[in-house]
Amino acid sequence: DERAVPFLATRLDREPSPPVIMTLLLAMARCGGPYVGRRLTAFLEHPDRMVRMAAATALGRVGDAGQRDELWAALRYAPNDPGFEVRAVLPVEAETK
């Protein structure tokens, strides 16, 4: 439900714990909404590898074409990052672009 996004975003801004951040990112992806993809993109550069993986997974689930370039760039330049394996959640047509 998109109505939960403002609450989740506010919590995300204040949350220091990587496991909680990961949960919030995935919850935001489930809610959807017009600005969720942009909000998730910032976490592709988080210092914690698992948070980056959750952000990539969440972006893949949102399927926001506007954020696809940022997601691909993050995955291409992080071959040793576990988030690199997230390509499996992306739509097949994204791989041909």
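# A friendly tour of a five-helix model

Buried residues make up 41% of the 97 residues in this chain. The structure is a predicted model, so let's also ask how confident the predictor is, as residue confidence runs from 0 to 100.

User: How many helices and how many strands does the chain have?

Analyst: Happy to start there! Reading along the sequence, you meet the pattern α-α-α-α-α. The secondary structure therefore holds no strand by the DSSP runs, and the count comes to zero strands and five helices.

User: Where in the chain is confidence lowest, and where is it highest?

Analyst: Over the whole chain, the mean pLDDT is 76, and 64% of the residues reach 70 or more. Residues 92–97 stay under 50, and the model has six contacts beyond four places in sequence for them. Among the helices, the lowest mean is 64, in α5 (residues 68–76), and the highest is 94, in α2.

User: Which residues have the most contacts inside the largest nonpolar core?

Analyst: This core has 20 residues. The helices α1 (5–14), α2 (18–31), α3 and α4 each supply at least two of them. The residues with the most contacts inside the core are Leu12, Ile21, Leu25, Met28, Leu40 and Phe43.

User: Leaving aside neighbours within four places in sequence, which residues is Leu12 in contact with?

Analyst: Leu12 is one of the buried residues of α1, and the buried residues of that helix pack against α2 and α3. Leu12 is also among the residues with the most contacts inside the largest nonpolar core. Its contacts, leaving aside those neighbours, are Ile21, Leu24, Leu25, Met28, Arg39 and Phe43.

User: Why do the buried residues of α1 count as lying on the same side?

Analyst: Let's look around the helix. The buried residues are Val5, Leu8, Ala9 and Leu12. They lie on the same side of α1 because the arc they cover around the axis is only 100°. On the other side, the exposed residues are Phe7 and Arg14.

User: Is Val5 buried or exposed?

Analyst: Val5 lies in helix α1. Leaving aside neighbours within four places in sequence, Val5 is in contact with Met28, Cys31, Gly32, Tyr35 and Val36. The C-alpha atoms of Val5 and Ala29 are separated by 9.1 Å, although these residues are 24 apart along the chain. With a relative accessibility of 4%, which falls under the 20% cut-off, Val5 is buried.

User: How many residues apart are Arg39 and Asp13, which meet in a salt bridge?

Analyst: Side chains of opposite charge can pair when their charged atoms come close. Arg39 and Asp13 do so with 2.0 Å from N to O. The pair links distant parts of the chain, since Arg39 is in helix α3 and Asp13 in helix α1, and the separation is 26 residues.

User: Are Arg39 and Asp13 buried or exposed?

Analyst: The two partners can be taken one at a time. Arg39 has a relative accessibility of 16%, so Arg39 counts as buried. Asp13 has a relative accessible area of 58%, so Asp13 is exposed.

User: What is the distance between the closest N and O atoms of Arg11 and Glu15?

Analyst: The structure holds two salt bridges, and Arg11 with Glu15 forms one of them. Arg11 is partly exposed at 37% relative accessibility, whereas Glu15 is buried at 14%. The closest N and O atoms of this pair are apart by 2.9 Å.

User: Which residues does Ala54 touch, not counting those up to four places away in sequence?

Analyst: Ala54 sits in helix α4 and is buried, with 5% relative accessibility. Ala54 and Ile21 are 33 residues apart in sequence, while their C-alpha atoms are 8.6 Å apart in space. The residues that Ala54 touches beyond its sequence neighbours are Met22, Leu25 and Leu26.

User: Where is His46 placed, and is His46 buried or exposed?

Analyst: His46 is found in the loop between α3 (36–41) and α4 (49–62). Beyond four places in sequence, its contacts are Ile21, Val51 and Arg52. The relative accessible area is 19%, under the 20% cut-off, so His46 is buried.

Notes
Residues numbered from 1 in each chain as written. Predicted model: local features only at pLDDT ≥ 70, side-chain atom pairs only at ≥ 80, totals over all residues. Heavy atoms only, no water. Helix = DSSP H or I, 4+ residues; strand = E, 2+ residues; numbered from the N terminus. Buried < 20%, exposed > 50% of the residue type's maximum accessible area, 1.4 Å probe, protein only. Contact = heavy atoms within 4.5 Å. Core = buried A, V, L, I, M, F, W, Y, C linked by side-chain atoms within 4.5 Å. Arc of directions from axis to C-beta. Salt bridge = Lys/Arg side-chain N within 4 Å of Asp/Glu carboxyl O.
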